[in-house]
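Reader: Before I use any of the labels attached to this structure, I would like each one set against its definition. Could you take me through them in turn?

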Amino acid sequence: MPFLIIDGKEIEVKKGTTILEAAKLAGIEIPHFCYHPGLKPAGTCRMCLVEISGNPKLQTACTTEVQDGMVVNTNSPAVKKAREEVLSFLLYDHPLDCPICDKAGECLLQKNYNEHGSTEIPVKEEMIRREKKVFISERLILDRERCVLCTRCVRFLEEITGTRELLVSKRGDNSEIDIFQGIPVNNLYSGNLVDICPVGAITDLDFRFKARVWFLKEIPSVCPLCGRGCNIFIDVKGEFFPSLSKERIFRIRPRYSEINKYWICDIGRYKLAELDKNRIANPILLEPNGVREVSFEEALMSFSHYFKEPDKVAILSSYHLTNEENQLIKMIFYDKMGIKNIGYTGFRDGKGDNILLVSDRNPNRKGVKKLWGDDIEKRTQEVFQLMRRGNFNFLLLIGDEILEDENVFLSVRETFTVWILSRYNELYHNVRVILPMRNFFEKEGTFTNIDGIDQSFSSALPPFKNVPSLKDIISQISSLSGIKIEKELCERS
Ligand code: SF4
Ligand code: SF4
Ligand code: FES
């Protein structure tokens, strides 16, 4: 393993490690623009120049591999001067519109200039003006004045998606990012371009001008929109958020993990916040003579007697529930109350790809199988068959996602049906009682991803209108049905 000295620190690294990465391991940050840990090095920006003993010229740390015995200086006067020059060169033509730029606060140009820039920026006689609003996809906007031509976006589309929609066109001073042959960016990972652009050159209609990033709070979480379980940040209002905006979720961004590396797909990024729309605040009774909002007690009393005949009860639950919620369902409904007809369903399968997205659009099918056994799908089909034959007096549906399985709704009109869910949908009027529960953003728990990896997450938002958790609802149902559940049992699950 090569051994080097960097700013006086001795460090041994794996063969093939670049100086920039070796420095990172030694706790030394080398400023950069074009380097990105998820992409191959390009060496285009020259921001990472360092001095290597015995080498007459400065070298780019992001492309130079460590050689045994190397002595590197990342802070010599020559290095400092080179950094100042690179920054001055970039700032010649930069619009400096930080006050209205979404990237402000997260921008590498701001950061590098603050830490390494010179206060004397030579002023060019005539600044080159470029287009500031070029749609490179339906939702991504390129500001050519802000672009530092690092080519991260071009390389992402070459190396990760293989779709190659962007390129550097023209030459010299006129070089600019453009879409290839006039065909816009159109792939399921396009939102990552906004994250990897080191400046505010690529912005997203979804977030544009909505918030200053320093007023947001990032909550680490796990995406529930497919079995991969990508690690994400959910950006919500921070304590000092300055406006009365009703928006609760501002951005979904990737969080590095071995599972998803630096990326997420556009389904996770743009569809997740929809789970917080059209929320139900109060229990609802749907009676022949009308629909009325009622208290939880009244709603629960309207059906608690059905549990006296457990053979006549079926429960259909969702692959979107956490392992802890599923354990509670098993302990209370199956073990204690003797309800044996319990099945699981969820979102319909979609198309997977060979990057991250998998066809199973549910986050916890694996966890359900671990708990209930691999034959849970077969048992669910048996429950559907019994439903079709009219075997049940009472049906309890748990979770919003089950609406995508048409089997669930075959017999709900004939059977007294209660649905515990978080938001309105086009099918809710088919049941007799609606009980609102907290959604994904408002609960904590664990999902087991498609590879069997357990991942826990915490709540990102306070409950909407104080709706109860599924655990609270289950424990209320059980106590109203005459079954005493020890408090610890609920807390343990
Ligand atoms: S648009 Fe952003 S990522 Fe692409 S080259 Fe310009 S600065 Fe780099
Ligand atoms: S690949 Fe799956 S888990 Fe990852 S962001 Fe997309 S939908 Fe979410
Ligand atoms: S980060 Fe090394 S040349 Fe850009």
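Author: Helix 9 and helix 10 make a good start, because they are called roughly perpendicular to each other. As for conventions, this is a predicted model in which local features need pLDDT of at least 70 and side-chain atom pairs count only at pLDDT 80 or more, while totals for chains, interfaces and linings use all residues. Side-chain values use heavy atoms, without hydrogens and water, residues are numbered from 1 along each chain as its sequence is written, and chains are lettered from A and ligands numbered from 1 in the order in which they are written.

Reader: Why are helix 9 and helix 10 called roughly perpendicular?

Author: Helix 9 (residues 365-372) and helix 10 (residues 376-388) pack at about 85 degrees, with their axes 10 Å apart. Angles of 65 to 115 degrees count as roughly perpendicular, those under 35 as roughly parallel, those over 145 as roughly antiparallel, and the rest as oblique, and therefore helix 9 and helix 10 are roughly perpendicular. The axes are lines fitted to C-alpha atoms, for helices over the stretch in contact, and angles between N-to-C directions run from 0 to 180 degrees; helices are DSSP runs of H or I with at least four residues, and strands are runs of E with at least two, numbered from the N terminus.

Reader: What makes the contact of helix 9 with helix 10?

Author: R365, V368, K369 and W372 of helix 9 meet I376, E377 and R379 of helix 10, where contact means heavy atoms within 4.5 Å. By class, this contact has three nonpolar, no polar and four charged residues, with Ala, Val, Leu, Ile, Met, Phe, Trp, Tyr, Cys and Pro counted as nonpolar, Asp, Glu, Lys and Arg as charged, and the others, Gly among them, as polar.

Reader: How is helix 8 oriented to helix 11, and what follows from the angle?

Author: The axes of helix 8 (residues 323-336) and helix 11 (residues 470-480) come within 10 Å and cross at roughly 5 degrees, so helix 8 is roughly parallel to helix 11. Their contact includes L328, I329, I332 and F333 of helix 8 and L470, I474 and I477 of helix 11, and by class it has seven nonpolar, one polar and three charged residues.

Reader: What makes strand 2 and strand 4 edge strands?

Author: The open sheet of five strands has the order 2-1-5-3-4, with mixed pairing. Strand 2 (9-12) and strand 4 (59-60) each have a single partner strand, so one side of each lacks a neighbour in the sheet.

Reader: How do you know that strand 3 and strand 4 pair?

Author: Two strands pair if DSSP finds at least two bridges between them, and strand 3 (residues 49-52) joins strand 4 over two bridges in the antiparallel sense. L49 stands opposite T60 in strand 4.

Reader: How many bridges join strand 8 to strand 9?

Author: Four bridges join strand 8 (residues 166-169) to strand 9 (residues 176-179), and the two run antiparallel. S169 has E176 of strand 9 as its bridge partner, and in the hairpin, with six residues between the strands, K170 takes a positive phi near 65 degrees.

Reader: Which residues surround ligand 2?

Author: A residue is near a molecule if one of its heavy atoms lies within 4 Å of it, and among those around ligand 2 are C223, C226, C230 and C265, together with R228. The shell of ligand 2 divides into eight nonpolar, two polar and one charged.
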